[in-house]
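Dear colleague,

I am handing over the structure below, and I would be glad if you could look through it alongside the notes that come after it.

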Amino acid sequence: MYDFIRYRLVPPVFLVVFTGLVQVLTLYGRGRIVTLEAIASGFRGNAESWTLVSLFIVWAFIWLKIPGQTTKGPPSPTGFVPVYKDNGLSYYFATMAGVLALELTTSFQPSSRIYELMPQILGTLNVIALTLCFYLFLCPSDDPEGDSGLPGLYVFYRGRNFHPTILGVDVKQLTNCRIGLMAWQVLVWAFFMVSIDRNGFSLAAFTTFVLQTAYLIKFFYWEGGYFHTIDIILDRAGYYICWGCLVWVPCFYTFTSYYLVHNEPVMGNAAAACILAVGLASIYLNYTVDAQKQEFRESEGKCKIWGRPAEYITAFYVDHSGAKRKSLLLTSGFWGEARHLNYDFELALTLCWCLPGWGLGPGPFFYFIFLFGLLVHRVFRDEEKCKQKYGLYFDVYCKVVPYRMIPGIF
Ligand code: NDP
């Protein structure tokens, strides 16, 4: 039953539902009536949306071609060691400087044009993302065994290769980090500007904007750490991750900000200020948990965690070539309290940027509800992956750190 749902049911259902849902959400978020005609009108985009999206993609691509520092990711299950461009923060600030310059010095106001064109922009991104996924599906596999016996649609959905490249650029760095996450930032900035134009300044809308901005700056600062996360080490480049980052992130992750343009926040300043403070603390804690693991791994366990030598389990596993390898699993600090405390702080932060939409219906909370499901599911996906990799060593680790997300409860 589980296999049927996973391999046969989820791919076609998700493909149809999520691809179409994007257009439905853009209409709903701006108070339009959702009709088939309205959905279809955004689907192919228009000349302006194609121009804006193409320029944005070319800009992202150029930044991955600029000569400069690179960083290596962990070897894939097939033994390939990916090399990434290490200029995320410069790319972030250069992009935002360019967008702000356009806003302040030209008559073309990107913020209001972007807001007006959202259905077409998402339609354009949809066409590009689906074309890319189809191309990736047709590429030869670097792990033919990984596809054997699986339905074609599932391979399209999951992806075929771990680290495919296009013209020498790593596809996942381009789609996830450079297009998806930067589009997220540009969009929430645009929606905040338009909300000021329409509704005046509101601390509630500002809170939603600032928390996402701080989170995204943190992301680009920490981009090298992202290459060690399960998006990169476990997920192959296919519909799930590439379409997800090219279309779902710009549409859905930005949805609270988008919604607050048409639906003026009703939350008072004192509540918004408290939420802002809790949200900033959550970003800091989420970063600290991830950084603790990163420092531990980089120092090969020779570091102090909360002032004491790191405690850990030495786990052995057999890699793709049959060689026996060693890995360390941290069992002190945040990582001794629960196996995924980073997800708790991520969820707390997300709740904080959704709460300013309190009193405006369920729309502002869609993202939080979605992320809750995604991260709980991810806990189990990661568990399956670690169990497969470390076997009995992972069982020992789970005995030492028995809780998944909430110490003492789950
Ligand atoms: P983790 O950062 O928890 O990484 C999991 C991997 O880390 C495991 O597969 C394992 O890899 C290694 N690991 C697990 N436990 C330990 C340990 N005790 N000591 C050392 N290594 C360990 O998960 P994610 O990659 O999912 O998340 C990274 C960040 O991204 C988080 O902050 C998360 O909140 C955020 N995120 C955000 C999402 C969003 O959509 N907003 C979605 C998903 C994540 P191995 O041993 O093989 O190296």
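What follows is an account of the open and enclosed spaces, the nonpolar cores, an aromatic pair and one arginine. Please keep in mind throughout that this is a predicted model.

I begin with the second largest pocket, which has a volume of about 520 Å³ and is lined by 20 residues, with Leu-52, Phe-56, Val-99, Ile-114 and Val-186 lying nearest its centre. Two or more lining residues come from each of helix H3 (47-63), helix H4 (88-105), helix H5 (110-116), helix H6 (118-138) and helix H9 (171-199). In character, the lining of this second largest pocket divides into 18 nonpolar residues and two polar ones, with no charged residue.

As for enclosed space, the structure holds one cavity of 30 Å³ or more, and the largest cavity contains about 50 Å³ of space. Its lining consists of Val-188, Phe-191, Phe-192, Ser-195, Ala-205, Thr-208, Phe-209, Ser-257, Leu-260 and Val-261. At least two of these residues are supplied by each of H9, helix H10 (203-221) and helix H14 (255-262), and H9 provides the largest share, namely four residues. Here the division is seven nonpolar, three polar and no charged.

Turning to the packing, the largest nonpolar core has 96 residues, among which Trp-184 and Trp-243 touch the most other members, and H9 gives the most to this core, with 16 residues. Another core, of 22 residues, lies apart from it and includes Cys-303, Leu-330, Phe-345 and Cys-398. If residues up to four places away in sequence are set aside, Trp-243 touches Phe-18, Thr-19, Val-22, Asn-126, Ala-129, Leu-130, Cys-133, Gly-238 and Trp-248.

A search of the whole structure finds 57 aromatic pairs. One of them joins Phe-219 and Trp-222 in an edge-to-face arrangement, at 6.2 Å centre to centre and with 70° between the planes; both residues are buried.

Finally, Arg-236 may merit a look of its own. This arginine sits in the loop between helix H12 (230-233) and helix H13 (239-253), and Arg-236 counts as buried because its relative accessibility is 10%, whereas the cut-off for buried is under 20%. Beyond residues up to four places away in sequence, Arg-236 touches Asp-143, Gly-146, Asp-147, Arg-158, Gly-159, Arg-160, Asn-161, Phe-162, Lys-172 and Ile-241. Arg-236 and Val-155 are 81 residues apart in sequence, with 9.4 Å between them in space, C-alpha to C-alpha.

With best wishes

Note on methods. Residues are numbered from 1 along each chain as its sequence is written. This is a predicted model: local features need pLDDT of at least 70, side-chain atom pairs count only at pLDDT 80 or more; totals for chains, interfaces and linings use all residues. Side-chain values use heavy atoms; hydrogens and water are left out. On a 1 Å grid over the protein atoms alone, a cavity is a set of points where a 1.4 Å probe fits but cannot get out, and a pocket is an open set with protein on both sides within 12 Å along at least five of seven lines; lining residues have an atom within 4 Å of a point. Grid points are joined across faces, edges and corners, and a volume is the space filled by probe spheres set on the points. Ala, Val, Leu, Ile, Met, Phe, Trp, Tyr, Cys and Pro count as nonpolar, Asp, Glu, Lys and Arg as charged, and the others, Gly among them, as polar. A nonpolar core is a set of buried Ala, Val, Leu, Ile, Met, Phe, Trp, Tyr and Cys residues joined through side-chain atoms within 4.5 Å. Buried means under 20% relative accessible area, exposed over 50%, partly exposed in between (1.4 Å probe, protein chains only). Contact means heavy atoms within 4.5 Å. Rings of Phe, Tyr and Trp (its six-membered ring) pair if their centres lie within 6.5 Å; planes under 30 degrees apart count as stacked, over 60 as edge-to-face and the rest as tilted.
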